[in-house]
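Colleague: Could you take me closely through one part of this model, the protein surface that faces the nucleic acid, and then follow the chain outward from there?

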Amino acid sequence: MEIWKHMKSGRMKIKEVLAAGKVGSELVVKGWVRSVRVGKNVTFIALNDGSCLASLQVVLDPAVPGYREICGLGTGSAVAVRGSLAESPAAGQKRELRGVELIVVGVGDESYPLQKKRHSFEYLRSIAHLRARTNTFGAVFRVRSSLAQAIHRFFAERGFLYVHTPIITANDCEGGGEMFRVTTLDMAGPPLASGKVDYSADFFGKATGLTVSGQLEGELFAQAFSDIYTFGPTFRAENSNTARHVAEFWMIEPEMAFADLMADAALAEEFFRYLCRHVLDNCCEDMDFFNDHLEKGLLERLEGVVDASFGMMEYDNAVDILKKAKAPFRYPVEWGCDLQTEHERYLTEQVVGGPLFILNYPKEIKAFYMRLNDDGRTVAAMDMLVPKVGEIIGGSQREERLDLLERRMVETGIDPSNLGWYLDSRRWGSSPHAGFGLGFERLVMYLTGMENIRDVIPFPRTPGHADF
RNA sequence: UCCCCAGUAGCUCAGUCGGUAGAGCAGGUGACUGUUAAUCACCUUGUCCGUGGUUCGAGUCCGCGCUGGGGAGCCA
């Protein structure tokens, strides 16, 4: 038995072969068959191992042991090939591997659901366990991985502490979102206390759920480490069924002490630019693929963001502009209402023609923790809007004054006694601080041109769907 | 949750006025070829989403249900 079949060290990734393989060298590649083109005198196999978008062309002549069986290989088979790298005489690829020996590691027969043709995203979603083996999803998940690492690098380079905030929480008032319940109680017959479920008998001695945001805990760490960020899973039990919502997603939430709303916006702008630049510079092959097959002009759009100066506009001003706009809006605009996606897109696309911050929203439409401005009617909130999607980042300066924070909690129906630990951060050494949140999947959508959030997360969880 | 659209071969889809189905791709066989989602010829494949109804007769019309998609709300 050939030892190279078992040795990981003997294997070269296709990305490396195509980028740096020496012509004439003998090497071993392992991967999955994308297509087999059989001839009488020569057979071509397109082999892909996920290390890059491109497949490696493997050329086999009938002298190769087991040639007949190899010709019958189905799409999706896993194989190992030993051969020598050569200049390719035909168009389509610079290099190819002249196979000397091929071992079928795992057979893929004709029932393999992925064919060497285009499939709809809807169909691929139904076989999410296999779709990563396609060009589009290969590219999506390589970019997603690269972006995640770039996000950590961005914050590491700026001295931000990476904090793991809890996933199980007893705060039922973090955000507006509905929470998933976490319990070990017997659902068939839970202990009752005066007719209601008695959560004091539950695992944690109180009602708990999955986090809808790490922000509150993040703020506490910012009051110790100055600059921090979270990047982790987040859960919303909303019955939302749209191309932009999933029940489980990943969120990035930086928080800075001794920072105001302007510093917050500056960070958001720098962060967003950095990530656009990152995919353009580091995911070229995959980004070119998206640009060619998914969204013509994607690269131009992102280059535009990198070069653009980000606009800034007061909410008051935005409302004035929208009220004067001739565009036919589905929803009318009045001071005090939240901006709809159509309004946001009008502002960023038609009025400014680039990324735009909207600042200082009416306090009635924003969360309790946002800092009350001196005018008494607005809070120090900021939304970052971008063409094509509207809001992509939302943030604020937090209310650092204990009395005002408590008053806002009461006004919005939150019992301050449930968040004593949060209020403590304002009790001793409170500093002005600010932060924002960015949904990771929405970022991936924006940067790849993918239009359904279920296609940028490996195994999406949506109402009625927790497969795989 | 609300509004719209769709469900036909393994996949993508066509199916006229109501008369029990067809193409391309995939698969099989053969030919041919330094091929590029190869090409050419021939062949195979159906619970027409389910259910009830109208009708002599339903893929087609109607009701209900299920599933998927798009839009809205909520939001990241």
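Modeller: This is a predicted model, and I would begin with the secondary structure that builds the surface near RNA strand B, to which β1 (26–38), β3 (56–60), β5 (95–106), α3 (121–126) and β13 (248–257) each contribute at least two residues. By residue class, that surface is made up of 13 nonpolar, 18 polar and 14 charged residues. There are 45 residues around RNA strand B, and those that come nearest are Gly39, Lys117, Gln340, Arg442 and His465. On the RNA side, sugar and phosphate make up 46% of the atoms of RNA strand B that come within 4 Å of the protein.

Three individual contacts show how base, sugar and phosphate groups are each approached. For the base, a backbone N or O atom of valine 38 is placed 3.0 Å from a base oxygen of RNA strand B, and residue 38 is also where β1 (26–38) ends. For the sugar, a polar atom in the side chain of arginine 236 lies 3.1 Å from an oxygen of RNA strand B that is classed as a sugar or linking oxygen. For the phosphate, an N or O atom in the side chain of arginine 454 is found 3.2 Å from a phosphate oxygen of RNA strand B.

Strand β13, which supplies at least two residues of the surface near RNA strand B, also leads into the protein interior, since it is among the elements that cover the buried residues of helix α5, together with β7 (168–169), β12 (227–235), α12 (420–427) and β18 (433–439). The helix itself spans residues 215–225, and its buried residues are Gln215, Leu216, Glu217, Gly218, Glu219 and Ala222.

Just after α5, the backbone takes a positive phi of about 70 degrees at serine 226, a residue that belongs to the loop between α5 and β12 and is notable as a residue other than glycine with such a value. Serine 226 has a relative accessible area of 32%, and because that value falls between the limits of 20% and 50%, the residue is partly exposed.

A second positive phi, near 60 degrees and again in a residue other than glycine, is found at asparagine 360. Asparagine 360 is located in strand β15, which covers residues 356–362, and with a relative accessibility of 15% it counts as buried, because the limit for that class is under 20%. The two residues thus have different settings, serine 226 being partly exposed in a loop, and asparagine 360 being buried in a strand.

Methods:
Residues are numbered from 1 along each chain as its sequence is written. Chains are lettered from A and ligands numbered from 1 in the order in which they are written. This is a predicted model: local features need pLDDT of at least 70, side-chain atom pairs count only at pLDDT 80 or more; totals for chains, interfaces and linings use all residues. Side-chain values use heavy atoms; hydrogens and water are left out. A residue is near a molecule or strand if one of its heavy atoms lies within 4 Å of it. A polar contact is a pair of N or O atoms within 3.5 Å; within protein, one must be able to donate a hydrogen and the other to accept it, and residues adjacent in sequence count only if both atoms are side-chain atoms. Helices (H or I, at least four residues) and strands (E, at least two) are DSSP runs, numbered from the N terminus. Ala, Val, Leu, Ile, Met, Phe, Trp, Tyr, Cys and Pro count as nonpolar, Asp, Glu, Lys and Arg as charged, and the others, Gly among them, as polar. Buried means under 20% relative accessible area, exposed over 50%, partly exposed in between (1.4 Å probe, protein chains only). Contact means heavy atoms within 4.5 Å.
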